[in-house]
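Biologist: I would like to go through this model and ask what stands behind each label. Please show it first.

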Amino acid sequence: MYQLAQINVARMIGANIEDPIMNEFVSHLDSVNRLAEESDGFVWRLKDDENNATSFNPLNDEKIIINISVWKDVESLEHYTYKTFHVDFIRRRKEWFQKYGKAYYALWWIKDNEYPSIDEALKRLEYLQEKGSSSYAFNFQSVFQKP
């Protein structure tokens, strides 16, 4: 069986996560993360000791934050992303974030009970940016079915 992995990357307008321009975004992290964890189909998410992923800096750039999670299927992630109050943050992302390349998120299938590493997730996003959608990395507009 397979489950859906996702990465999303954002380049902050502020100098780092502690910049005052990021305050409102940061103040909602716990509630957005709790909503994800309580959503049908949620499996796992990358988190640090502060219960979020903002301390990870795999690209050595304090302006970039990442989020990685695993879901039962595309429908579960899509519902959380676009049918809950999470969508308000997507609509307002220009208040906190600037454009990040051609793609800022990527989806791909992984085997049940496996979790992607940060390096693997970044490679999937890079592939999607450079080569477009395929079964290796895709987006909501071009979903590839489970293997």
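Modeller: UniProt positions are given in the numbering used here, and annotations may be inferred rather than shown by experiment. The model itself is predicted.

Biologist: Which residues does UniProt list for "domain: DUF3291"?

Modeller: The UniProt record, an unreviewed entry, lists residues 4–142. Over residues 4–142 the chain is 32% helix and 22% strand. The C-alpha atoms at the two ends of that stretch are 14 Å apart.

Biologist: Why is His-86 called buried?

Modeller: Buried means under 20% relative accessible area. His-86 has 16% relative accessibility, so His-86 counts as buried. The residue is found in helix α4.

Biologist: What is His-86 in contact with, leaving aside its neighbours within four places in sequence?

Modeller: Contact means heavy atoms within 4.5 Å. By that test His-86 is in contact with Val-32, Leu-35, Tyr-80 and Thr-81. Of these, Tyr-80 and Thr-81 are among the buried residues of α3. The others buried in that helix are Val-74, Ser-76 and Leu-77. What covers the buried residues of α3 includes β1, α2, β3, α4 and β5.

Biologist: How much space lies in the largest pocket?

Modeller: About 920 Å³. The lining has 40 residues, and the closest to the pocket's centre are Asn-8, Ala-10, His-86, Ile-90 and Tyr-104.

Biologist: What makes a residue part of the lining?

Modeller: Lining residues have an atom within 4 Å of a point of the pocket. Elements that each supply at least two such residues include β1 (2–12), α2 (29–38), β3 (64–71) and α3 (74–83). β3 gives the most, with five residues. By type, the lining divides into 23 nonpolar, 12 polar and five charged residues.

Biologist: How do you know that β1 and β5 pair?

Modeller: Two strands pair if DSSP finds at least two bridges between them. Seven bridges join β1 to β5, so the condition is met. The two strands run antiparallel, and Gln-6 stands opposite Leu-107 in β5. β5 is also mostly covered, with six of its seven residues buried.

Biologist: Is Asp-48 buried or exposed?

Modeller: Asp-48 has a relative accessible area of 13%, which is under the 20% limit, so Asp-48 is buried. Asp-48 lies in the loop between β2 and β3. Leaving aside its neighbours within four places in sequence, Asp-48 is in contact with Ala-53, Thr-54, Ser-55 and Phe-56.

Biologist: Why is Asn-51 called partly exposed?

Modeller: Partly exposed covers what is neither under 20% nor over 50%. Asn-51 has a relative accessible area of 30%, so Asn-51 belongs in that class. Asn-51 also lies in the loop between β2 and β3.

Biologist: What is the phi of Asn-51?

Modeller: Phi of Asn-51 is near 70 degrees, a positive value in a residue other than glycine. Most residues other than glycine have a negative phi.

Biologist: Which class does Asn-113 fall into, buried or exposed?

Modeller: Exposed means over 50%. Asn-113 has a relative accessible area of 67%, so Asn-113 is exposed. Phi of Asn-113 is near 65 degrees, again a positive value in a residue other than glycine. Asn-113 is found in the loop between β5 and α5 (118–131).

Note on methods
Residues are numbered from 1 along each chain as its sequence is written. This is a predicted model: local features need pLDDT of at least 70, side-chain atom pairs count only at pLDDT 80 or more; totals for chains, interfaces and linings use all residues. Side-chain values use heavy atoms; hydrogens and water are left out. Helices (H or I, at least four residues) and strands (E, at least two) are DSSP runs, numbered from the N terminus. On a 1 Å grid over the protein atoms alone, a cavity is a set of points where a 1.4 Å probe fits but cannot get out, and a pocket is an open set with protein on both sides within 12 Å along at least five of seven lines; lining residues have an atom within 4 Å of a point. Grid points are joined across faces, edges and corners, and a volume is the space filled by probe spheres set on the points. Ala, Val, Leu, Ile, Met, Phe, Trp, Tyr, Cys and Pro count as nonpolar, Asp, Glu, Lys and Arg as charged, and the others, Gly among them, as polar. Buried means under 20% relative accessible area, exposed over 50%, partly exposed in between (1.4 Å probe, protein chains only).
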